[in-house]
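Please take me through this structure in the viewer, one selection at a time, and tell me what there is to see at each stop.

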Amino acid sequence: MKTRLEERIYTYSNYLKQKFGRKIFRVGLSTGIPCPHRVKTGGCVFCNPHTFTGDYVRKELSIQRQLQEAVPKIKANCGDVGLLAYFQDETSTAGKITELQKKFNSALNYPEVYGLVLSTRPDFINVETVEMLKQISKPVTVEIGLQSIHDSSLEFLNRGHSYKQVDEAINLCGNYGLEVGVHLILGIPGESFQEMKATVQYVSQNDNIKQVKFHNLVVFKNTKLAQMIKAKEIISIDSYIDILTNLLAYLKGNKVVTRLFTSNITGSELAVGNLTGNKTKWMNQLRKTMIARDIVQGSKTDLTYEGRQV
Ligand code: SF4
């Protein structure tokens with residue numbers, strides 16, 4: 001009987017230990033360049049830029065200064081860990097290539113930094129971008145906001161790109177040998193379970209995608225979504241865990257699950273719904289539900305996660 005979540009899901013911590021052979025911490029950094037989609041169109045309906053900056057992100061500082069401030073604090077909290085430079089806020093491949101290259105190299109030159117993780121949009125991935133990233137000698141992961149394969153959902157979210165564009169960006173990165181992760185949102189109003197399942201099956205079957213982050217739809221204050229949505233349209237955490245459990249069965253066991261919940265939120269940041277919570281409690285609920293339904297990641301695909309122990 002697999003009683004631990006790590007035996008049923010290919011977790012990010014297991015993957016990092018396998019890949020780097022030591023404990024790894026992702027240090028949040030910012031290029032300082034605002035997301036062009038938000039600047040031009042007002043942005044995705046769920047976007048509140050104040051909520052997605054990590055503890056160490058200081059947009060106003062150079063990359064070197066951001067690291068100089070962050071690394072001693074990380075070492076004090078986590079001990080001697082390796083680092084991944086995680087450009088997580090805004091659209092981290094937006095900007096002039098030479099400027100981006102300088103910023104990324106500045107992070108990579110820091111001795112403890114083992115690689116880069118870049119969070120971005122599909123319309124800011126092109127041949128010039130991937131050629132620049134391909135030259136980097138340390139591992140690079142590009143996280144692309146997919147959210148859903150259904151164009152009606154992407155329009156609802158005002159993502160400003162189609163599913164086809166995301167598919168092309170993923171395949172371009174994959175063809176250049178870059179590791180690709182995608183972000184998905186479960187519980188977009190109007191999406192059925194079958195539609196969410198189709199998105200997960202797309203991720204499962206695309207060999208260029210190695211990592212996936214699941215998010216529950218969170219309605220932050222000061223967002224367009226807060227004006228558009230009613231509380232009853234937000235799925236409860238129980239429903240989210242129910243859906244997530246069933247969907248994990250359709251995700252091949254070789255895909256790394258880098259996130260299961262959007263949990264780092266406080267009640268005061270929320271406009272609608274009640275999705276603040278205790279991540280440990282949610283993880284435990286997910287674990288118990290997977291055991292009760294006899295589900296492991298990929299159990300309804302041809303590649304089940306075997307519970308590799310590290
Ligand atoms: S792409 Fe990201 S940063 Fe830009 S508007 Fe959408 S959620 Fe915000």
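**First stop: Ile235**

Begin by selecting Ile235, which counts as partly exposed because 19 C-beta neighbours lie inside 10 Å, a number that falls short of the 20 at which a residue is called buried. The model you are looking at is a predicted one. Ile235 belongs to the loop between α9 (224-228) and α10 (237-248), and, if its neighbours within four places in sequence are left aside, it is in contact with Gly187 and Tyr240. If you then add Glu7 to the selection and join the two C-alpha atoms, you will find Ile235 and Glu7 27 Å apart in space, with their positions 228 residues apart in sequence.

**The whole chain**

Now clear the selection and colour the protein chain by secondary structure, which brings out 11 helices and nine strands. The radius of gyration of the chain is 19 Å, close to the 19 Å given by the globule rule for 310 residues, so the chain is as compact as a globular protein of that length. Along its principal axes, the C-alpha trace spans about 50 × 45 × 40 Å, and buried residues make up 40% of the 310 residues. Of the contacts between residues at least 6 apart in sequence, 84% join residues at least 24 apart.

**The sheet**

Next, show the strands alone and look for the open sheet, in which seven strands follow the order β1-β2-β3-β4-β5-β6-β8 with parallel pairing. At its edges stand β1 (24-29) and β8 (256-259), and each has a single partner strand, so one side of each is left without a neighbour in the sheet. Direction ignored, neighbouring strands of this sheet are turned by 25 degrees against each other on average. Strands of a sheet pair through backbone hydrogen bonds.

For one pairing in detail, select residues 82-87 and residues 113-120, which are strands β2 and β3 and which pair in the parallel sense over five bridges. Within this pair, Tyr86 stands opposite Val117 of β3.

**Helices against the strands**

Bring back helix α1 (residues 12-20), which packs on the sheet and touches β1, β2, β3 and β8, its direction making about 120 degrees with that of β8. Then turn to helix α7 (residues 163-175), which lies across β4 (140-147), β5 (179-186) and β6 (209-216) and runs at about 165 degrees to β4.

**Two residues with positive phi**

Most residues other than glycine have a negative phi. Which value does phi take at Gln147? The angle there is near 70 degrees, a positive value in a residue that is not glycine. Gln147 lies in strand β4 and is buried, with 25 other C-beta atoms within 10 Å.

Select Asn158 afterwards, another residue that is not a glycine and that has a positive phi, of about 50 degrees. Asn158 is found in the loop between α6 (151-156) and α7, and it counts as partly exposed, with 17 other C-beta atoms within 10 Å.

**Last stop: the ligand**

Finally, centre the view on the ligand and display the residues around it, which are Cys35, His37, Arg38, Gly43, Cys44, Cys47, Glu90, Thr91, Arg121 and Gly145. Coloured by class, this shell shows three nonpolar, four polar and three charged residues.

Terms used: Residues numbered from 1 in each chain as written. Predicted model: local features only at pLDDT ≥ 70, side-chain atom pairs only at ≥ 80, totals over all residues. Helix = DSSP H or I, 4+ residues; strand = E, 2+ residues; numbered from the N terminus. Buried ≥ 20, exposed ≤ 12 C-beta atoms within 10 Å, placed from the backbone. Contact = placed C-beta atoms within 7 Å. Near = placed C-beta within 6 Å. Nonpolar A, V, L, I, M, F, W, Y, C, P; charged D, E, K, R; others polar. Pairing = 2+ DSSP bridges. Axes fitted to C-alpha atoms, helices over the stretch in contact; angles between N-to-C directions. Rg over C-alpha atoms; globule rule 2.2 N^0.38 Å.
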